[in-house]
Amino acid sequence: MPRIVRTVLGDVDPAELGPTDAHEHLFFVTPLQPGEEFTDVGLAVEEARTLVAAGATALVDWTPLGLGRDPEGLRAVAEATGLHVVASTGVHRDAHYPADDPLREATAEALADRFAADVAGGGVRSGAIKVGASYHRLQPLERTAFEAAAAAHARTGAPVCVHTEHGTMGLRIVEHLGDLGVAPGSVVLAHLDRNPDAGEHAETAAAGAWLQLDGPGRAKYWPDSTILALIADLAERGHADRLLLGGDTGRSTMMRAYGGGPGLDYLFARFKPRLERELGSELSRRIFVENPARAFSFEPR
């Protein structure tokens, strides 16, 4: 079967995706961030329109089960803005779920059934499976979620998107998913710029996984110059074809529609033009257009 990108409005040809924000949250609720919840569909539309105005045509939402995931809300955003919106299913890292969360009692088989149904079932379908890892380790819930994600990937073909805590364990995660049957080319690793070590990430890229950077605008971690230097270093090492960029606006205080900043559009309005000035438009097109079309496409099974 031909490869597709599964969006909330239906499957599209990867060539139609266009400039893509590879990691976002339009809705998110977690006990780790009290007071930072955002669930309003109207405000999500308002914020997403700024991203469209800045030149994006697609967005991948990484919100998994139990944390404010809203497929119908994502469909409303897509219909109102014209964005290609990819939804996620899955389970985040352990710390996001209270001790009494029913997801903790689910078996890998039950979670796999849910993930696969979210991707291939009826209603608003997901186009990615999200899991999370803790700092330098996988906790029991995470190991169960990884097993379930691999099984759902085998049934559906959907890519597996992984939260790495502070950019750690990249290659180990790829190897672990490989042992579970997920090829590196179907693995997207987030937050790697929290650990801006090009040598380490080059090994992960060489294994065939996708390196997703999402720190632009977060000066409390690193200035944008650090991320640009990491991109330049990885490109010089021959891994420009494995890089993705996202905004990861995971707090209400990051959204201008909620009175915060830098806003959903920062990646496209501010960081992308600087990348093009300093590193060239060809590299920018590869990272924002060509790579997402490959990373988030799959052959439905």
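**Exercise 1. Describe how helix 7 and helix 8 pack, and give the handedness of their crossing.**

Solution. The crossing of helix 7 (residues 224-236) and helix 8 (266-279) is right-handed, a term used when the near helix is turned clockwise from the far one by less than a right angle, anticlockwise being left-handed. This is a predicted model, in which local features need pLDDT of at least 70 and side-chain atom pairs count only at pLDDT 80 or more, while totals for chains, interfaces and linings use all residues. Residues are numbered from 1 along each chain as its sequence is written, and side-chain values use heavy atoms, with hydrogens and water left out. Helices (H or I, at least four residues) and strands (E, at least two) are DSSP runs numbered from the N terminus.

Next comes the geometry. Two packed helices are described by the angle between their axes and the distance between the axes. The axes are lines fitted to C-alpha atoms, for helices over the stretch in contact, with angles running from 0 to 180 degrees between N-to-C directions. For helix 7 and helix 8 the angle is about 50 degrees and the axes are 11 Å apart. The two helices are therefore oblique to each other, the class left over when angles under 35 degrees count as roughly parallel, over 145 as roughly antiparallel and 65 to 115 as roughly perpendicular. The contact (heavy atoms within 4.5 Å) involves residues including L228 and I231 of helix 7 and F271 and L275 of helix 8.

**Exercise 2. Work out which residues join helix 6 to helix 7.**

Solution. Begin with the axes of helix 6 (residues 198-206) and helix 7, which come within 10 Å and cross at roughly 50 degrees. That angle makes helix 6 oblique to helix 7, and helix 6 passes helix 7 in a right-handed crossing. The residues in contact are A198, H201 and A202 on helix 6, together with L230, D233 and L234 on helix 7.

**Exercise 3. Decide whether V77 is buried or exposed, and find what it touches.**

Solution. V77 sits in helix 2 (residues 71-81), and it counts as buried because its relative accessibility is 0%; buried means under 20% relative accessible area, exposed over 50% and partly exposed in between, with a 1.4 Å probe and protein chains only. Not counting residues up to four places away in sequence, V77 touches L26, F27, A44, V45, A48 and G82. Of helix 1 (residues 41-53), the buried residues are A44, V45, E47, A48 and L51, and they pack against strand 3 (20-24), strand 4 (58-61), helix 2 and helix 8.

**Exercise 4. Place S284 and name the side chain that it meets in a polar contact.**

Solution. S284 belongs to helix 9 (residues 281-295) and, at 1% relative accessibility, counts as buried. Its side chain is joined to that of E276 by a polar contact of 2.9 Å, meaning a pair of N or O atoms within 3.5 Å, of which, within protein, one must be able to donate a hydrogen and the other to accept it, residues adjacent in sequence counting only if both atoms are side-chain atoms.

**Exercise 5. Find the backbone values of H166 and M169.**

Solution. Most residues other than glycine have a negative phi, and most peptide bonds are trans. H166 has a positive phi near 60 degrees, and M169 has a positive phi near 70 degrees. H166 lies in the loop between strand 8 (160-163) and helix 5 (170-179), and M169 also lies in the loop between strand 8 and helix 5. H166 is partly exposed, with a relative accessible area of 40%, whereas M169 counts as buried at 7% relative accessibility.

Key: Expected span 1.5 Å × (residues − 1).
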